[in-house]
Amino acid sequence: MKKRFIFLAPLFVAAFFTFVFVVMWLWNHLMPGIFGLREISYWEAFGLFLLSKLLFGGFHGGGGRSKWKDCDGPGRREWRRMSAEEKQKYKEEMKGKWREWCGEKKTEKEQGDN
């Protein structure tokens with residue numbers, strides 16, 4: 001495990017500094033032309049990257065489980081309690097609602113059901 005970390009650590013550091021360079025390059029090629037802002041240095045891009053990670057992304061790892069995968073809200077609990085027939089009926093009802101919302105006409109079968 002230690003040997004793997006010793007090998008991967010420089011790769012992560014190089015990837016981080018390369019990503020900061022990409023942020024600087026994109027800023028300097030897009031922002032002055034679009035918004036009339038000045039070009040930034042590498043260390044300003046580094047600070048911008050850190051600030052954006054703190055404000056929007058955090059520093060959690062990319063792997064692992066998503067916080068939303070474990071969400072067991074009331075809709076999911078209700079779905080689990082439904083029988084197969086209830087699930088099928090619900091799906092058909094939602095198809096009809098989506099068609100109405102999207103402006104599609106009901107099929108002859110659906111018109112006869114109402």
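# Notebook: helix α1 and its partners

I began with Val22, which lies in helix α1, and I should record at once that the model I was reading is a predicted one. I looked up how far Val22 is covered, and at 35% relative accessibility this residue counts as partly exposed. I then found Val22 listed in a nonpolar surface patch of about 770 Å², which it makes together with Phe21, Trp25, Leu26, Leu30, Ile34, Phe35 and Leu37.

**Overall layout**

I went back to the whole chain to place this helix. I counted five helices and zero strands in the protein, and from the N terminus on the elements run α-α-α-α-α. Of the 114 residues, 11% count as buried. I noted an accessible surface of about 10200 Å² for the protein, with 64% of that area belonging to carbon and sulfur atoms. Among contacts with a separation of 6 or more, I found that residues 24 or more positions apart account for 27%.

**The core**

Which residues make up the largest nonpolar core? I found seven of them, namely Val20, Val23, Met24, Ile40, Tyr42, Ala45 and Phe49. The elements that give two or more residues to this core are α1, residues 2-35, and α2, residues 42-57. As a general remark for the margin, nonpolar side chains in soluble globular proteins tend to be buried together.

I followed Val20 outward, leaving aside residues up to four places away in sequence, and saw that Val20 touches Tyr42, Ala45, Phe46 and Phe49. Of the residues that Val20 touches, I looked again at Tyr42, Phe46 and Phe49, since ring pairs link these three with Phe16, Phe17, Phe19 and Trp43 into a cluster.

I next took Leu48, whose place is in helix α2. Its relative accessible area is 32%, so I entered Leu48 as partly exposed. The C-alpha atoms of Leu48 and Val20 are separated by 8.9 Å, although the two residues are 28 residues apart along the chain. Not counting residues up to four places away in sequence, Leu48 touches Val23, Trp27 and Ile40.

**Asn28, a polar entry**

Is Asn28, which lies in helix α1, buried or exposed? At 15% relative accessibility Asn28 counts as buried, because the cut-off for that class is under 20%. I also looked up its contacts, and, with its neighbours within four places in sequence left aside, Asn28 is in contact with Glu39 and Ile40. I had already met Ile40 as one of the core residues and as one of the residues that Leu48 touches.

**Aromatic pairs**

How many aromatic pairs does the structure hold, if ring centres must lie within 6.5 Å? The count comes to nine. I examined the pair of Trp79 and Tyr90, whose ring centres are 6.0 Å apart and whose planes stand at 70°, so I entered the pair as edge-to-face, a label that applies to planes over 60 degrees apart. Trp79 lies in helix α3 (residues 74-81) and Tyr90 in helix α4 (residues 84-102), so this pair ties together parts that are 11 residues apart in sequence. I checked how open each residue is, and found Trp79 partly exposed with a relative accessible area of 31%, while Tyr90 is partly exposed with a relative accessible area of 38%.

**Salt bridges**

I searched the whole structure for salt bridges and found two. In one of them the side chains of Arg38 and Glu44 meet, at 2.8 Å from N to O. I noted that Arg38 counts as exposed at 54% relative accessibility, whereas Glu44 is partly exposed, with a relative accessible area of 33%.

The side chains of Lys95 and Glu92 meet in a salt bridge as well, at 3.7 Å from N to O. How are Lys95 and Glu92 placed in helix α4? I found both in that helix, three residues apart, which is about one turn of the helix. At 44% relative accessibility Lys95 counts as partly exposed, and Glu92 counts as partly exposed at 37%. I closed the page on helix α4, where Tyr90 also lies.

Methods:
Residues are numbered from 1 along each chain as its sequence is written. This is a predicted model: local features need pLDDT of at least 70, side-chain atom pairs count only at pLDDT 80 or more; totals for chains, interfaces and linings use all residues. Side-chain values use heavy atoms; hydrogens and water are left out. Rings of Phe, Tyr and Trp (its six-membered ring) pair if their centres lie within 6.5 Å; planes under 30 degrees apart count as stacked, over 60 as edge-to-face and the rest as tilted. Helices (H or I, at least four residues) and strands (E, at least two) are DSSP runs, numbered from the N terminus. Buried means under 20% relative accessible area, exposed over 50%, partly exposed in between (1.4 Å probe, protein chains only). A nonpolar core is a set of buried Ala, Val, Leu, Ile, Met, Phe, Trp, Tyr and Cys residues joined through side-chain atoms within 4.5 Å. Contact means heavy atoms within 4.5 Å. A salt bridge is a side-chain nitrogen of Lys or Arg within 4 Å of a carboxyl oxygen of Asp or Glu. Patches are made of residues with over 30% relative accessible area and no salt bridge: like charges are joined within 9 Å, nonpolar side chains (Val, Leu, Ile, Met, Phe, Trp, Tyr) within 5 Å. Accessible areas come from the Shrake-Rupley method with a 1.4 Å probe; for residues, only the protein chains shown count as cover.
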